[in-house]
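Q: I have a sequence and a model in front of me. How do I begin to read them?

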Amino acid sequence: MSSGDFFQDVFEIVRLIPNGRVSTYGAIANALGKIGAARQVGYALNNCPSDVPAHRVLNRKGVLSGKHFFGEERMKELLELEGLKVENDVLVNFEKYFWDPSNEL
DNA sequence: AACGTGACACAGC
DNA sequence: AGCTGTGCCACGT
């Protein structure tokens, strides 16, 4: 498990996501300088410790791809509590709530 | 060390 | 406009 450097980077980015905001795998990967490594971002979130609000990380379409791990209802509830709206596992106004890590870093 | 897999992304049809 | 196929990078076995 020593080879988790990439994971840590992802964790930090996701942890920096402000409340009521969301991000995408590609954006995070891009912020890490690993363009195209979107998959690994999800991979990292798969090991997501409790400190990482992975429910704020969606795919390019704003779809809650990770509902399978958190529980579709669980993730939806968390997002709604953040003031977001989830419709059919898809975040409404996703672009509006989109938070670019590279923009903050 | 190599192959296969994977919470994605983009291009082409 | 929607679907299928391929590519990317890193981890797991």
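A: Bear in mind that this is a predicted model. Begin with one residue and ask for its place: leucine 32 is found in the loop between H2 and H3.

Q: Is leucine 32 buried or exposed?

A: Burial is read from relative accessible area, with buried meaning under 20%. Leucine 32 has a relative accessibility of 19%, so it counts as buried.

Q: What does leucine 32 touch beyond its neighbours in sequence?

A: Not counting residues up to four places away, leucine 32 touches Phe6, Asp9, Val10 and Ile13. For one of these, aspartate 9, the C-alpha atom is separated from that of leucine 32 by 7.2 Å, and the two residues are 23 residues apart along the chain.

Q: How do I read a helix? Which residues of H3 are buried?

A: An α-helix has 3.6 residues a turn, so residues three or four places apart point the same way. In H3 (38-46), the buried residues are Val41, Ala44 and Leu45. Seen down the axis they fall within an arc of 100°, so they line one face of the helix. Arg39 and Tyr43, on the other side of H3, are exposed.

Q: What covers the buried residues of H3?

A: The cover includes helix H1 (5-16), helix H2 (25-31) and S2.

Q: Which residues of H5 are buried?

A: H5 spans residues 72-81, and its buried residues are Met75, Leu78 and Leu79. Their arc around the axis is only 95°, which puts them on the same side of H5. The face turned away from that side carries Glu73 and Leu81, which are exposed.

Q: What do the buried residues of H5 pack against, and what follows the helix?

A: They pack against strand S2 (57-58), helix H4 (67-70) and strand S3 (86-87). After H5 comes glycine 83, whose phi is positive, near 100°.

Q: Where is histidine 55, and what is it in contact with?

A: Histidine 55 lies in the loop between H3 and S2. With a relative accessible area of 9%, histidine 55 is buried. Leaving aside neighbours within four places in sequence, histidine 55 is in contact with Phe70, Met75, Leu78, Leu79 and Glu82. Among these contacts, Met75, Leu78 and Leu79 are the buried residues of H5.

Q: How many salt bridges are there?

A: Side chains of opposite charge can pair when their charged atoms come close. Here the count comes to one salt bridge. Arginine 56 forms it with glutamate 82, and the closest N and O atoms are 2.8 Å apart. Arginine 56 is in the loop between H3 and S2 and glutamate 82 in the loop between H5 and S3, so the pair ties together parts that are 26 residues apart in sequence.

Q: Are the two partners, arginine 56 and glutamate 82, buried or exposed?

A: Both arginine 56 and glutamate 82 are buried.

Q: How do I read the surface near DNA strand B? How many residues surround the strand?

A: List the residues, then ask what kinds they are and which elements supply them. DNA strand B is surrounded by 16 residues, and the closest are Tyr25, Gln40, Leu45, Arg60 and Gly66. Of the atoms of DNA strand B that come within 4 Å of the protein, sugar and phosphate account for 37%. The residues of this surface divide into seven nonpolar, seven polar and two charged.

Q: Which backbone atoms of the protein lie by DNA strand B?

A: Three cases can be given.
A polar backbone atom of arginine 60 is 2.7 Å from a phosphate oxygen of the strand.
A backbone N or O atom of glycine 42 lies 3.4 Å from a base nitrogen.
A polar backbone atom of glycine 66 is 3.3 Å from a base nitrogen of DNA strand B.
H2, H3 and H4 are the elements that give two or more residues to the surface near the strand. H3 supplies the largest share, seven residues.

Q: What of serine 65: where is it, and what does it contact?

A: Serine 65 is in the loop between S2 and H4. Its relative accessibility is 39%, so serine 65 counts as partly exposed. Leaving aside neighbours within four places in sequence, serine 65 is in contact with Tyr25 and Asn59. The side chains of serine 65 and asparagine 59 make a polar contact (3.2 Å). The C-alpha atoms of serine 65 and tyrosine 25 are separated by 10 Å, with the residues 40 apart along the chain.

Conventions:
Residues numbered from 1 in each chain as written. Chains lettered and ligands numbered in written order. Predicted model: local features only at pLDDT ≥ 70, side-chain atom pairs only at ≥ 80, totals over all residues. Heavy atoms only, no water. Buried < 20%, exposed > 50% of the residue type's maximum accessible area, 1.4 Å probe, protein only. Helix = DSSP H or I, 4+ residues; strand = E, 2+ residues; numbered from the N terminus. Arc of directions from axis to C-beta. Contact = heavy atoms within 4.5 Å. Salt bridge = Lys/Arg side-chain N within 4 Å of Asp/Glu carboxyl O. Near = heavy atom within 4 Å. Polar contact = N/O pair within 3.5 Å; in protein donor to acceptor, adjacent residues only side chain to side chain. Nonpolar A, V, L, I, M, F, W, Y, C, P; charged D, E, K, R; others polar.
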